[in-house]
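Subject: Handover of a structure

Dear colleague,

Please find below the structure that I am handing over to you. My account of what was found in it follows directly after.

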Amino acid sequence: MSAVEPAEHQAANVSQVAEAARSGMPVEVTRSRGSTIWTAIAVIVIVAVLFDLPRIVYSGTTNLLVDFFFLLIISSMWNLLAGYAGLVSVGQQAFIGLGAYFVLIAANHGTSPFMAIPIATAACAVAGLVVWWLVSRLRSGYFAITMWAVASVCELIIIQISSLGGGTGTALPGLTSNPTYLDAYTYWATVVVAVVGLAGIYFLLRSPLGLVLTAIRDNETGARSTGSRVARTRLVVFVVSAAGCGAAGALYIISQQFVVPPAAFSVSFSAEMIFITIIGGIGTIEGPIIGTIIFFTLQQTLSHYGVWYWIILGIIAMAVAIWAPRGIWGLVSENFGVRLFPVGYYLWPAGESPRRFIGGKR
Amino acid sequence: MVWVSAIVQGILVGGLFALFACGLSLMFGVMNVINLAHGDLAVIAAYLALGAVTVTHVPAIWSFVIVVPIFAGGGYLLQRTLLQAALNRSVLTTLLVTFGLSVVIENGLQQFFSANSRALNIGNLITESFSIGSQITIAYLDLGILVVAVVVLLGLQFFLSSSRHGRLIRAVADDREAAQIAGVSYRHVFGIAAAIAFGTVALAGIAFGMYQQFDPTIGTDQLLLFAFEAVVVGGLGSLWGTLAGGVLLGVAQQLGAVYNAADQMLAGQLFFLLVLLIRPSGIFGRKETA
């Protein structure tokens, strides 16, 4: 493998590799490392265990995991949007709420709620396309608050539709009355959506599109100047993120078995996705996973302190955003050179030992 | 006649929206910061006014004498510490930090003041009004808020165009590097701009507290969106645009309410999205500010 554009932020020893590339020395490139093989094995084992879990543990545990995976899905989708495409939204709850209500509409017409999950996902992708047409010109704070307004509009419209329960909410019809089966089905559906969602993000980032996304993340002007199709890439990411949040919303209404507009379109979903992603590490796949584990643990231990839990989380998130902007996972991967998901590249001068350039502190 | 009345009420409430919006507009124009905690700051101001009335027994109308200086000072401090630290990272970081601040404030208010609705007691003023013809009733309070809004915007306009600090603020907003070369400490100027923005949002919060009941969540649920929508509709870079944006938003809401009381919010939001779609730089904005 010969020299390519040095993906500078990825290389552990940037200056030496860049110098080697400039002086015409060949540079070696790889995506996979020893740690990624372990990740692959671990992922297979974890997914297998997760699928078997309803047969092993009580439904209390799987119900907790439903909440966990819901948070993981929405924060991963927010991370894709903000961490890679540079689009900070505080209105992704628009798609969570729409996903929930699309399931309700399908169920009202006799579709099984579980079969309605892919329908809601596709419908939210279409909704994402429409919203993107409206917001695609906006950047930064304009984009963030306009998305919030979009979520508010969706909520205000749904409130007025009495067949969907209006402002007082309604129960989701068509669910099995056997609680054991219902819990297990809900859990399996959640695991499937989480696995498909994360795998989708992983393969998206490994695709040529992922290269453009990584370039936007690191330097948008640079990405544009090399001819990357920034606008089209943002469109794809926005639609994927809308669909992912829609699927999460579908899971939300199924696990709650009830939906009411202020809860389904609550801005606290945004708070959850943002805090999880910032604390875990924005702009990495691992970040939202670590973040969800931390957030979930705090939620379980601090929940009886009421609002204090939100105050503490908000302060932690602000501190991390300012003083450790790459989050907890950023600290880990910087110090130990670990990356679990091989979506980037490692570079080192040909003939040298890669160990000198990969891993360890910069 | 119902329509005319709605338009009049819309214009009156539009002054309040403009009062909310000018601080947001100033901070965005000068520092490129969209303060997502802007609405919550207004709610804090309303609670502070409530506290000031309880402790010092001043009439609620005069509580701004206590609250506005506190807010201006707090704004300067917050800008020099937390917001500047976020700005040093990136503009996206300021969004994340102000969002975090918003969540902290909202939950902090819930912790200390409970989720119950409160109101600033202004006695008979709340109901006193005069009539024009048989249909149009104008409350003194609403008219007073509109007058305050116009006076504040006039004062701000005068300050920015004529005073030394106003010139510094405009210089830093136009070209920070050039201002720095000329020896301006842009951090201090940012602090002053934040102090003014916080002062105006405090006034807006107190006015809102007299106008209707408030609770800890109303800052994020309504006020931030109203302020932002007024800014966008009017267009950045012009305080008169902000006033016009607030008035247009108020009229759109009141006209929606005529059609159906439940449509008041929705009409305002749809009007905002429509302006964004047709003229993203705002009705009175310059083209490049989109």
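What average pLDDT does chain A have, and what share of its residues score at least 70? The model is a predicted one, and chain A averages a pLDDT of 85, with 85% of the residues scoring at least 70. One stretch to read with caution is residues 1-13 of chain A, where pLDDT stays under 50. For that stretch the model has 30 contacts beyond four places in sequence.

Chain A as a whole

Chain A is built with 15 helices and 4 strands. It has 362 residues, and 52% of them count as buried. If one takes the contacts in chain A between residues at least 6 apart in sequence, 80% of these join residues at least 24 apart. The accessible surface of chain A is about 15300 Å², and carbon and sulfur atoms account for 66% of that area.

Two residues with a positive phi

Two residues deserve a look at their backbone angles. In chain A, A:Gln257 is not a glycine, yet its phi is positive, at about 60°. This residue sits in the loop between α10 (230-256) and β3 (258-259) of chain A. A:Gln257 has a relative accessible area of 37%, so it is partly exposed.

In chain B, the residue to find is B:His57, whose phi is near 60°, again a positive value in a residue other than glycine. B:His57 belongs to the loop between α2 (38-56) and α3 (64-89) of chain B. Its relative accessibility is 65%, so B:His57 counts as exposed.

Cysteines

How many disulfides are there over all chains? The count comes to 0. A disulfide requires two cysteine sulfur atoms within 2.5 Å, and two residues of chain A may serve as examples. For A:Cys154, the closest cysteine sulfur is that of A:Cys124, and because the two sulfurs are 9.2 Å apart, they are too far from each other for a bond. A:Cys245 is likewise in no disulfide, and its nearest cysteine sulfur, also in A:Cys124, is 8.5 Å away.

Are these two cysteines buried or exposed? A:Cys154 is buried, with a relative accessible area of 16%. A:Cys245 also counts as buried, at 0% relative accessibility.

With kind regards

Key. Residues are numbered from 1 along each chain as its sequence is written. Chains are lettered from A and ligands numbered from 1 in the order in which they are written. This is a predicted model: local features need pLDDT of at least 70, side-chain atom pairs count only at pLDDT 80 or more; totals for chains, interfaces and linings use all residues. Side-chain values use heavy atoms; hydrogens and water are left out. Buried means under 20% relative accessible area, exposed over 50%, partly exposed in between (1.4 Å probe, protein chains only). Contact means heavy atoms within 4.5 Å. Accessible areas come from the Shrake-Rupley method with a 1.4 Å probe; for residues, only the protein chains shown count as cover. pLDDT is the predictor's confidence in each residue, from 0 to 100.
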